[in-house]
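Here are my notes on this one, jotted down as I went through it. Have the viewer open while you read.

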Amino acid sequence: MVLILDDADVKALNPPMRGAVEVIEKCFRIQASGDVTNHPRVHLAYPPSGASDRREGFGNRTLRVLPAIVPGFNAAGFRTYTTGPKTAAEARALLLLFSFDDMGLKAIINDGWLHYIRTGAPAGVATKYLARSKIDTVGVIGSGRIARRAAEAVACVRKFNRIKVYSPNPEHRLNYAKEMGRLLGVDVEPHENSRSVVRGAEILITATDAHRPVYEGDWLETGTLVISLAPGEIDVKTLERSSLFATWKEQALHDRPPREPFKTLAAQGRFAEFEEKCRELHDVVVGNLPGRT
């Protein structure tokens, strides 16, 4: 018997963010143990040249597959999704889940709503281990669902008083302020530029579809935790000023098509320097490396 859940089913289940953060932290612990078989995203682009009006090398139509086997969850499976022209729907994604015992198919899940929770939840784990113990202000660049879930994940592990949010669309940032203010019970201020969001933020979340830097690394105040949730959002200056932790180093640094700022660093002949500098968050979670010192 295969369980089939569409997006409405998942949304009706209302998976709690606090529980999602706990599950993702467990995932990091399993990752640190080595008892997992993972594989970088398989990316098929059309046209084969990767020509795209959205992101170089991405293609105007894409198929992506992300597989893994995790005995600790008695599970194997993969996420697969497609993207099409701008006139088409943003994405179409499915999760296929198999039992590790017999590798039989157990579930087919629409990965729309669940994707936003799963992608936002690691922000809570990163905050737990890498942010200051006391914070007042969270800055957010982006106003979509992932930007909302990431702020919610941070709120699961730290108390704070204020969110400052910037999005190029004034209506979107106003809606973000209203929804997140109600959800988290904090003041949420919409801002008209990213620089004012960065200023004074102890945690900065970037969750956009820009595929380019959305702030300048020189704006960051010393000690800020930057949580980037999409490719290309941070610049070389940010890496130069920071300790760098990846949720999975192989994927983050060697993504195909290449992501910024690593693409620029490779062109400058500096990629190896930052590859050596980069550490993995799971080693912090299990105490193999220090987080915030």
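1. How much accessible surface does the protein chain have, and what share of it belongs to carbon and sulfur atoms? It comes to about 15,000 Å², with 53% belonging to those two kinds of atom. Keep in mind that this is a predicted model.

2. On overall shape: the C-alpha atoms fit a box of roughly 50 × 45 × 45 Å along the principal axes. The radius of gyration is 19 Å, and that agrees with a compact globule, because a chain of 293 residues would then be expected to come out near 19 Å.

3. For secondary structure, I get twelve helices and 14 strands in the protein chain. Of the contacts between residues at least 6 apart in sequence, 60% join residues at least 24 apart.

4. Now the inside. Of the 293 residues, 45% count as buried. The largest nonpolar core takes in 46 residues, and Val138, Ile163, Tyr176 and Ile203 have the most contacts inside it. Helix 5 (residues 145-157) gives this core its largest share, seven residues. There is also a second, separate core of 21 residues, with Tyr166, Val197, Ala246 and Ala252 among them.

5. Ile203 is worth a click. Leaving aside neighbours within four places in sequence, Ile203 touches several residues, including Ala131, Ile135, Val138, Val154, Leu225 and Ile227. Thr127, Thr137, Gly139 and Thr224 are also among its contacts.

6. Last, charges: the chain carries 40 positive and 35 negative side chains. The centres of the two sets lie 2 Å apart.

Terms used:
Residues numbered from 1 in each chain as written. Predicted model: local features only at pLDDT ≥ 70, side-chain atom pairs only at ≥ 80, totals over all residues. Heavy atoms only, no water. Helix = DSSP H or I, 4+ residues; strand = E, 2+ residues; numbered from the N terminus. Rg over C-alpha atoms; globule rule 2.2 N^0.38 Å. Buried < 20%, exposed > 50% of the residue type's maximum accessible area, 1.4 Å probe, protein only. Contact = heavy atoms within 4.5 Å. Areas by Shrake-Rupley, 256 points an atom, 1.4 Å probe, with all protein chains shown as cover. Lys, Arg positive; Asp, Glu negative; His and termini not counted. Charge placed at Lys NZ, Arg CZ, Asp CG, Glu CD. Core = buried A, V, L, I, M, F, W, Y, C linked by side-chain atoms within 4.5 Å.
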